[in-house]
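Please open the model in your viewer and keep the sequence panel beside it, so that each selection on this tour can be made by residue number. We will move from an enclosed space to a helix and then to pairs of charged side chains.

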Amino acid sequence: MAEFQANPSDIRVHVASHGGTAEQDIDPVIVEIVRHSLDSAANQMKRTLIRTSVSPLIYEVLDFAAAIYDKDLRMLSQAPSLPLFMGTLDFCIDAAVKGIGGTDNLKPGDVLLYNWPYGTGSHAQDSALIQPAFSTNGELLGYAAIKAHWLDIGAYAPYCTDTTDVYQEGTFFPGVKLFSEGKVVDDIYRCVLANSRMPHIIEGDIRAQATAVGVGVSELERVYARFGAEVFPSAVEKIFDHGEAIVKSYFEQIPDGTYVGCGVMDNNGVTQDKLPFEATLIVDGDSVTVDFTKSPDEQSGPVNCPLPSTISASRVAVAMLAGKNESPNEGHFRAITVKTRRGSMFDPKPPAPCFLYGWPAMQAIEAIYHAVSKVDEAAVPACSGGDICALVWWGVRKESGEMWGDGSPFPVGHGGHVHGDGCTMMHIAESATQFAPIEVMESKFPWMVKVLEFMTDSCGAGEHRGGLGYAISFHVLEDCFVTSSVERTLTDPWSIAGGSEGVPNRMEVQNPDGSVETIGKVTGREMLEGSTLTIYTGGGGGYGDPKRRDIEAVRRDYEDGVISKGHVTKYYPHAAGVLESTAQVAAE
């Protein structure tokens with residue numbers, strides 16, 4: 001691992017806002033009612049966007065985040081959708097409001113647009129709409145914000161894996177009013193649509209997104225009016241204090257110390273060299289610092305992760321471990337300090353490309369868990385497939401001549417853990433998202449799904465095995481293009497406590513002439529009619545010595561086709577009788 005001598009002036013330290021204290025004692029029941037009311041408000045934003053959007057990427061995949069913030073930019077609630085956006089919307093709100101001249105220029109009904117990657121933490125397609133909320137006497141209460149993926153906003157391709165500067169990655173709106181006092185700002189609106197290859201799609205999604213933030217504002221204003229100017233702020237402080245206490249109680253149980261986790265990416269999208277990195281955890285009492293200062297310098301390819309998403313990845317990793325399944329709020333982040341180095345892969349400077357910002361963020365989560373596993377093997381699962389194996393398709397329909405586009409992540413196997421076997425689901429960075437039903441895919445887009453099945457022996461063996469990877473094949477019915485961002489194809493998912501590694505991700509294309517190519521990151525690959533693209537998603541690593549696995553569990557896995565005869569023989573010799581008894585039953 002390379003050593004980096006950081007200039008102290010380049011080090012940035014980020015902590016969550018601690019704000020004030022409750023001005024009065026509040027009945028805990030009232031506090032819970034306020035908390036659930038705020039969670040409900042965020043969820044109503046989510047449901048509104050799902051029910052009114054045009055793109056399956058939004059209404060099926062849930063590639064967005066909907067959250068509510070107070071006037072001090074502290075997160076009151078966020079609906080379950082895309083966890084990797086957790087806690088990044090305060091950066092969007094802050095920059096967008098500054099972009100229009102500050103809070104004095106905010107009016108009821110204003111909706112701001114912001115998508116500068118170094119403020120959102122994302123690529124330009126992840127565009128934030130923000131609407132302020134006001135009390136009946138005109139006091140600024142806070143904001144409703146949604147960051148959602150627009151299928152195209154003027155990058156050199158609808159989805160990119162090989163950009164070399166940020167200006168190839170989209171059209172930017174660095175804090176402008178898209179709606180002013182409830183009315184469309186026509187010049188800005190037309191500029192947005194003029195910079196998309198699919199304006200008929202994103203126009204519907206923009207309208208839905210604007211409607212949804214309006215719902216969030218209405219709900220925040222209603223909750224505030226219900227509880228009043230004294231009770232509501234005090235209840236919020238109590239909510240934050242509770243979230244803080246929950247996370248701190250977790251780290252109180254972990255010995256103080258410095259723990260280093262390792263990650264590695266296949267390449268940076270432009271050069272083909274592997275890209276190893278470290279994430280360091282420093283546990284001190286009831287708090288933790290996640291240190292990325294020794295990460296590699298910013299890359300020539302788009303795997304740079306802007307500061308907001310580096311912070312988000314740290315928060316996701318910690319909140320999933322320590323949050324006790326509660327809906328997140330600013331309080332959950334107070335125990336977490338994030339350190340970065342300006343000019344590095346986890347805190348790049350413009351104009352470094354960052355289209356694939358989420359891929360190092362996902363690997364960082366795995367690296368953080370790798371670090372925790374060194375001090376407490378029971379505290380984390382083994383490594384997952386480590387990616388979302390995302391595809392983005394586009395083309396022109398034969399019959400209508402209309403451009404179409406679609407994109408989706410896909411699940412991977414997750415690691416075994418002290419409590420049981422790993423599962424197969426989206427990477428935890430996107431754990432509340434999903435991929436569209438096959439019926440939706442085939443009815444809207446020119447392909448057929450020929451295969452969707454789990455892969456035998458893809459899981460890491462262990463006392464508790466990893467989750468299975470699976471294969472999904474798309475048979476193309478019309479010429480089109482695809483961008484693949486598949487990662488972690490060269491590194492096996494790590495195991496814990498003597499388990500074996502899982503199988504890494506893989507993707508291949510069978511051309512109409514029958515030839516087969518393995519692909520990784522690729523932008524705009526032409527897919528001719530009659531081609532078939534198959535994703536083989538990775539399996540999770542195993543937990544614990546395979547020789548301690550329950551024989552009946554081995555039997556079930558073998559009979560269900562999860563593992564093969566060779567796998568049983570290699571990893572579970574104590575269960576060899578399973579093969580004989582199963583063969584005997586089959587013969588009878």
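**The largest cavity**

The lining of the largest cavity is made up of 13 nonpolar, five polar and three charged residues. Keep in mind, as you look at this and every later stop, that the model is predicted. The cavity itself has a volume of about 200 Å³, and to find its middle you can select Asp63, Tyr159, Trp359, Ile388 and Glu430, which are the closest to its centre among the 21 residues that line it. Next, colour H8, E13 and E14, the elements that give two or more residues to this lining. Which of these elements gives the most to the lining of the largest cavity? It is H8, with three residues.

**Along helix H8**

Now select residues 358-375, which form helix H8, and follow its 18 residues from one end to the other. From the first C-alpha to the last, H8 reaches 27 Å, which is close to the 26 Å expected at 1.5 Å a residue. Is H8 mostly covered or mostly open? If you display the surface around H8, you should find the helix mostly covered, with 16 of its 18 residues buried.

**The second largest cavity**

The structure holds four cavities of 30 Å³ or more, and the second largest has a volume of about 40 Å³. To outline this second space, select Pro56, Leu57, Val61, Asp406, Gly407, Ser408, Ala436, Met441 and Phe445, the residues that line it. Helix H2, at residues 56-59, and E14 each supply at least two residues of this lining, and the largest share, three residues, comes from E14. Sorted by class, the lining of the second largest cavity has six nonpolar, two polar and one charged residues.

**Charged pairs**

The remaining stops are about charge: side chains of opposite charge can pair when their charged atoms come close. How many salt bridges does a search of the whole structure find? It finds 28, and we will visit some of them.

Begin with Arg74 and Asp70, which form a salt bridge whose closest N and O atoms are 2.8 Å apart. Arg74 counts as buried because its relative accessibility is 4%, and Asp70 also counts as buried, at 8% relative accessibility.

Go next to Lys398 and Glu529, where the closest N and O atoms of the salt bridge are 2.9 Å apart. Lys398 lies in the loop between strand E13 (391-396) and strand E14 (403-408), while Glu529 lies in the loop between strand E22 (521-527) and strand E23 (532-536), so this pair ties together parts that are 131 residues apart in sequence. Are these two residues buried or exposed? Lys398 is exposed, with a relative accessible area of 58%, whereas Glu529 is partly exposed, with a relative accessible area of 41%.

Then select Arg549 and Asp557, a salt bridge in which the closest N and O atoms are 3.1 Å apart; both of these residues are buried.

For the last stop, show the side chains of Asp241, Glu244, Lys248 and Arg334 together, since here the salt bridges link these four residues in a network.

Note on methods
Residues numbered from 1 in each chain as written. Predicted model: local features only at pLDDT ≥ 70, side-chain atom pairs only at ≥ 80, totals over all residues. Heavy atoms only, no water. Helix = DSSP H or I, 4+ residues; strand = E, 2+ residues; numbered from the N terminus. Expected span 1.5 Å × (residues − 1). Buried < 20%, exposed > 50% of the residue type's maximum accessible area, 1.4 Å probe, protein only. 1 Å grid on protein atoms, 1.4 Å probe; cavity = no way out; pocket = protein on both sides within 12 Å on 5 of 7 lines; lining within 4 Å. Points joined across faces, edges and corners; volume = space filled by probe spheres on them. Nonpolar A, V, L, I, M, F, W, Y, C, P; charged D, E, K, R; others polar.
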